[in-house]
Structure formats: C-alpha cells, structure tokens
Amino acid sequence: MAGTGIFTEILDGEVYKYYSDGEWRTSSSGKSVAIINPTTRKTQYKVQACTQEEVNKVMELAKSAQKSWAKTPLWKRAELLHKAAAILKDNKAPIAESLVKEIAKPAKDSVTEVVRSGDLISYCAEEGVRILGEGKFLLSDSFPGNERTKYCLTSKIPLGVVLAIPPFNYPVNLAVSKIAPALIAGNSLVLKPPTQGAVSCLHMVHCFHLAGFPKGLISCITGKGSEIGDFLTMHPAVNCISFTGGDTGVSISKKAGMIPLQMELGGKDACIVLEDADLDLVASNIIKGGFSYSGQRCTAVKVVLVMESVADELVEKVKAKVAKLTVGPPEENCDITAVVSESSANFIEGLVMDAKDKGATFCQEYKRDGNLIWPLLLDNVRPDMRIAWEEPFGPVLPVLRINSVEEGINHCNASNFGLQGCVFTKDINKAMLISDAMETGTVQINSAPARGPDHFPFQGLKDSGIGSQGVTNSINLMTKVKTTVINLPTPSYAMGAGFISRL
Ligand code: NAP
C-alpha cells in the first residue's frame with residue numbers, strides 16, 4: 001500500500017514529505033496541496049507546499065553535490081542507477097496504486113508504467129556507459145592550411161543542475177526519462193512533479209534514496225506549478241530544464257534564459273487514411289491510439305483524416321469497437337476512466353458542444369458523469385470546429401473526411417503542433433512521400449503514434465517542442481562537448497611499421 005512498508009518515512013501524518021539533502025522533510029510553509037482522486041473527486045493525498053527558501057536550499061545542495069558526482073566514475077554512477085531500477089521494479093505495487101488513485105490510470109497500465117520506468121533507468125545506465133565513455137580525437141591537418149600540430153580531444157561533460165518537470169499523464173515514466181540521463185551524465189537533479197502524480201513520484205524518488213545516491217544530488221520539491229513553477233524555472237542555479245507538458249512549456253521557454261531546454265509539449269497527431277489502407281488495422285489503431293488512457297496521451301491520435309471513399313466503412317468499424325470499450329473505475333481496469341480533473345472534463349465538454357453547434361455527426365450519445373466522459377467519435381467534423389485543431393486530452397475523437405492526400409497533409413501542417421502523425425496505406429512509396437511532407441517530429445507508417453520504445457528518438461516540431469528525447473538524445477542534451485587541444489611546436493605525423501623498417 002502507498003506510504004507503508006519501506007515508504008513509511010516519506011509520510012508525515014496525512015501529508016507526504018518533500019525530499020532534500022538526502023532526507024524526507026516537512027515544509028516550513030505549514031501548507032499542503034491536495035491531490036484530488038479523479039474518480040471519486042475527493043482528496044486522496046496531500047503533499048507539502050514548498051517555499052522559495054526551500055527551493056534555494058535544494059539548489060545550493062544540488063550545485064555542491066554535482067561537483068563530487070561528476071568525479072564519480074561512470075561505472076559507479078551506472079551501478080547506482082541499476083540499483084534504483086531494481087528497487088523501483090520490486091516496489092511496483094504501491095507506486096502503481098498511487099497512479100491509479102492520483103491520475104485514474106487503469107491498474108494494469110499503472111504497473112506497466114512503473115516496470116517500463118525501471119527498464120528505462122537500466123537502459124540509460126548501459127547506454128550512458130557506452131556513449132559517455134567515448135570521445136573524439138581530431139587532427140589539425142585535415143583542415144586546409146594546417147600542419148599536424150594540433151591534437152584535439154573531445155569528451156562530454158555534465159551541465160550542472162538539471163531541473164525536471166514532468167506532466168500528470170506519465171508522472172513516473174516521464175520523470176525517470178529525465179532523471180536517469182541527467183544522473184548518468186554527471187548532473188544533479190531537482191524534480192518538480194506534477195501535482196496529480198506527485199505521490200507516485202515521491203515513491204519513485206524514495207527508490208533512488210534507498211539505492212544510496214549521495215545527499216543533495218537528487219531533490220524533489222512539491223507544490224503547485226502555478227505557485228512555485230516560475231521561481232524554479234528562473235532560478236539562477238538551474239543549468240538545464242527538461243519539461244514535458246502543455247503550453248506552460250512555451251512560456252517557460254521564453255523566460256528561461258541561456259540554458260539548454262528539452263521541451264516535449266502538446267500534439268494534435270493526425271491519422272491519414274488512404275483508400276488502399278487495411279481498414280481493420282486502421283480501426284484497431286484508432287481505438288488504441290485515440291482512446292488508450294482515455295485519450296490523455298501526448299501522442300494520442302487526435303484527428304482522423306480519411307479519404308471520403310472509405311470513410312463510411314472506417315467509421316462503422318471504429319464505431320463497433322468503441323461500443324466494446326469498458327467505462328468505469330481504473331481499479332477495475334476499465335478502458336475509459338475519469339479524466340484527470342473537473343476543469344479538464346469541462347474543457348473537453350466545451351469542444352464537444354462547439355462541434356455539436358456546428359453540425360458534427362455524433363456516432364454515440366455524449367455522456368458525462370463527473371470527470372468520467374464516455375468515448376465519443378465525431379464524424380463529419382469540419383475545419384471551422386475547435387475540435388479540428390485543439391487537443392481535447394480526453395476520449396473524444398474527430399473524423400474529418402478528405403478528398404485528396406494533399407488536403408490531409410495541409411490540415412496536418414496547418415496545426416501549430418508537430419509532434420507525431422501516422423499514415424495508413426499499403427503503398428510504401430506513397431507513405432514515404434507523405435511522411436516527408438508531414439511537418440511532425442515522427443511519422444508512423446501503418447501504426448498509431450507512440451513515444452516508445454523509450455530509446456527511440458522522440459521530438460516535436462513547432463509548438464510541440466524543443467530538442468529531442470529518447471535515451472541517447474537525452475544524455476547528449478544534458479551534456480556539453482569539452483575540447484582540450486594539445487599544441488605541438490613542430491608537426492608530427494604518426495608512421496606505420498612498414499615505413500620505419502624501410503628507413
Ligand atoms: P501542464 O499543465 O503543462 O503541466 C506540466 C507540468 O508543469 C506539471 O508538473 C505542472 O505542475 C507544471 N507547471 C505548471 N505551471 C508551471 C509553471 N508556471 N512553471 C513550471 N512548471 C509549471 O501539462 P499537464 O496537464 O500535466 O499534461 C498534459 C499536457 O502535456 C498535454 O498538452 C500533453 O500533450 C503534454 N504532454 C506532452 C508529452 C510529450 O512528450 N510531448 C508527453 C506527455 C504529455 P502542476 O501539476 O503542479 O500544475
């Protein structure tokens with residue numbers, strides 16, 4: 001159970017503690033932030049509302065701990081990460097339980113998130129050992145006008161303090177996808193978890209604590225992003241921000257100053273369906289892509305752009321599958337569970353009502369009970385409807401009928417987002433041309449968009465992000481290249497053995 005067993009020390013009465021200087025602490029603010037269970041709409045947990053002084057302290061500790069961490073051999077850093085991964089996986093049950101209660105993720109998927117996160121930490125440790133153990137050696141005489149008088153040695157060095165801010169929908173996985181690369185690369189890490197998802201993150205951080213990382217190297221500050229967020233992101237001690245979330249990321253980017261940013265933001269992933277597509281395959285992918293975790297995924301299919309000639313048949317197939325989706329509590333592994341908050345549900349409803357007023361075809365009756373919204377397919381959506389462009393982050397999927405591939409590509413590219421997209425056709429040549437024409441960070445051919453596997457590069461164009469994720473890309477982003485140049489007074493050219501024997 002959450003907050004019990006090895007996790008007892010992270011709880012103070014009914015309020016979870018924050019983590020600083022290798023210890024679990026109660027904030028001097030005397031205030032807490034309530035975490036509302038999306039299903040019951042009642043307070044499930046409470047976390048500390050940390051103060052600016054506590055942030056200052058954590059940053060000071062992070063700066064000093066990083067200096068000794070950078071001098072810790074790479075294999076030892078990897079060893080600790082493997083240990084944390086094993087503890088995390090061994091304790092998947094209480095962490096998954098808090099995911100169920102905080103963000104209404106179906107129980108099975110919650111366990112998967114924790115296990116996947118452990119695997120990600122281990123993979124990162126292995127990859128880090130390989131890519132950080134290698135540098136480059138350059139010789140000056142390859143550039144015109146130079147003799148071989150300069151030997152340039154390059155290696156990757158840490159940036160310093162990395163600030164990690166994940167979103168509510170994959171709080172554990174998207175936290176470790178920032179923590180593990182930052183640590184293996186020799187950085188220290190300050191985590192600000194999402195409020196919905198904070199308790200799962202605190203449990204996860206405790207697994208790093210139990211693995212024995214040095215004091216001050218990892219900290220976890222809790223509190224509302226709207227209150228503590230600006231202070232954190234504009235803190236002078238921060239040397240890199242890795243953020244995943246919505247539009248907040250755009251405003252953080254404008255305020256952050258001259259530090260590397262990894263921004264993974266929203267998406268309006270289009271699914272383009274051509275006439276020759278396997279419609280059964282498309283329908284299953286639309287269900288998986290559009291309705292998994294109730295559509296609350298950055299890479300959810302968020303608009304279907306289908307050729308008019310096959311649209312009726314596809315809509316019928318998707319409708320039949322929507323009818324089979326189970327709706328209810330995450331504890332019972334229902335496919336569709338309550339969306340994260342009442343304001344989210346209200347936002348989704350606003351998009352649905354706008355589509356209704358403008359004449360979209362409702363393939364099911366619109367139904368809502370509290371934060372629970374029944375899955376809804378909207379056919380004959382037109383570009384003047386908000387849902388054609390906005391990200392509902394809920395179980396509502398618009399279908400726009402198109403008369404040419406170009407119309408589909410143009411719709412996709414007119415979006416301010418550019419995360420992923422997908423195209424369904426049996427013609428690989430056409431698929432490649434469409435993939436190249438789509439202004440998105442990734443295009444999936446004959447499958448729904450997806451972030452995983454976690455070592456694949458993952459990036460968004462336009463308002464969907466800055467930089468790229470995926471194990472290798474994250475490690476590279478959280479390091480900087482350092483060069484040392486050895487200057488020789490006279491040119492020196494290394495000779496082969498054959499040359500020496502003929503002298
Ligand atoms: P969000 O509202 O932007 O929140 C993300 C994080 O930012 C949370 O930890 C939040 O804390 C924090 N935050 C809020 N205000 C802040 C501020 N002023 N300064 C610093 N941090 C602040 O996003 P969300 O609702 O959690 O997640 C949904 C969004 O994430 C969707 O748009 C989705 O597409 C996107 N997403 C993108 C990816 C990707 O990889 N591209 C993956 C998953 C999700 P509080 O919770 O305390 O407010």
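Two strands count as paired if DSSP finds at least two bridges between them, and the strands themselves are DSSP runs (E, at least two residues), as helices are (H or I, at least four), numbered from the N terminus. The model here is predicted, so to speak of local features takes pLDDT of at least 70 and side-chain atom pairs count only at pLDDT 80 or more, while totals for chains, interfaces and linings use all residues. Residues are numbered from 1 along each chain as its sequence is written, and side-chain values use heavy atoms, with hydrogens and water left out.

**Exercise 1. Work out how S14 and S15 pair, then place them in their sheet.**

Step 1: Start with Ile272, which faces Leu305 in S15.
Step 2: Strand S14 (residues 269-273) and strand S15 (residues 301-307) run parallel, joined by five bridges.
Step 3: Now zoom out to an open sheet of seven strands with mixed pairing, in the order S16-S19-S20-S15-S14-S22-S23.
Step 4: Check the edges: S16 (361-362) and S23 (442-445) each have a single partner strand, so one side of each has no neighbour in the sheet.

**Exercise 2. Trace the pairing on S8.**

Step 1: Strand S7 (residues 136-139) runs antiparallel to S8 (residues 150-158), with four bridges.
Step 2: Across that pair, Phe137 sits opposite Leu153.
Step 3: S8 also pairs with strand S26 (residues 479-487), antiparallel over nine bridges.
Step 4: There, Cys152 has Val485 as its bridge partner.

**Exercise 3. Find the largest nonpolar core and say where it lies.**

Step 1: Get the term straight: a nonpolar core is a set of buried Ala, Val, Leu, Ile, Met, Phe, Trp, Tyr and Cys residues joined through side-chain atoms within 4.5 Å, where buried means under 20% relative accessible area (1.4 Å probe, protein chains only).
Step 2: The largest such core has 68 residues, and Leu81, Leu183, Leu191, Met204, Phe208 and Phe213 touch the most other members.
Step 3: Helix H6 (residues 198-211) supplies the largest share, nine residues.
Step 4: Domain 1 (8-265 + 464-484) and domain 2 (270-445) both contribute residues, so this core lies between them; the bounds come from an automatic or database domain assignment.
Step 5: Apart from it lies another core of 58 residues, including Ile286 and Met438.

**Exercise 4. List what Phe208 touches.**

Step 1: Take contact as heavy atoms within 4.5 Å.
Step 2: Leaving out residues up to four places away in sequence, Phe208 touches Leu81, Ala84, Ile121, Val176, Ile179, Leu183, Phe213 and Ile218.

How values were computed
Buried means under 20% relative accessible area, exposed over 50%, partly exposed in between (1.4 Å probe, protein chains only).
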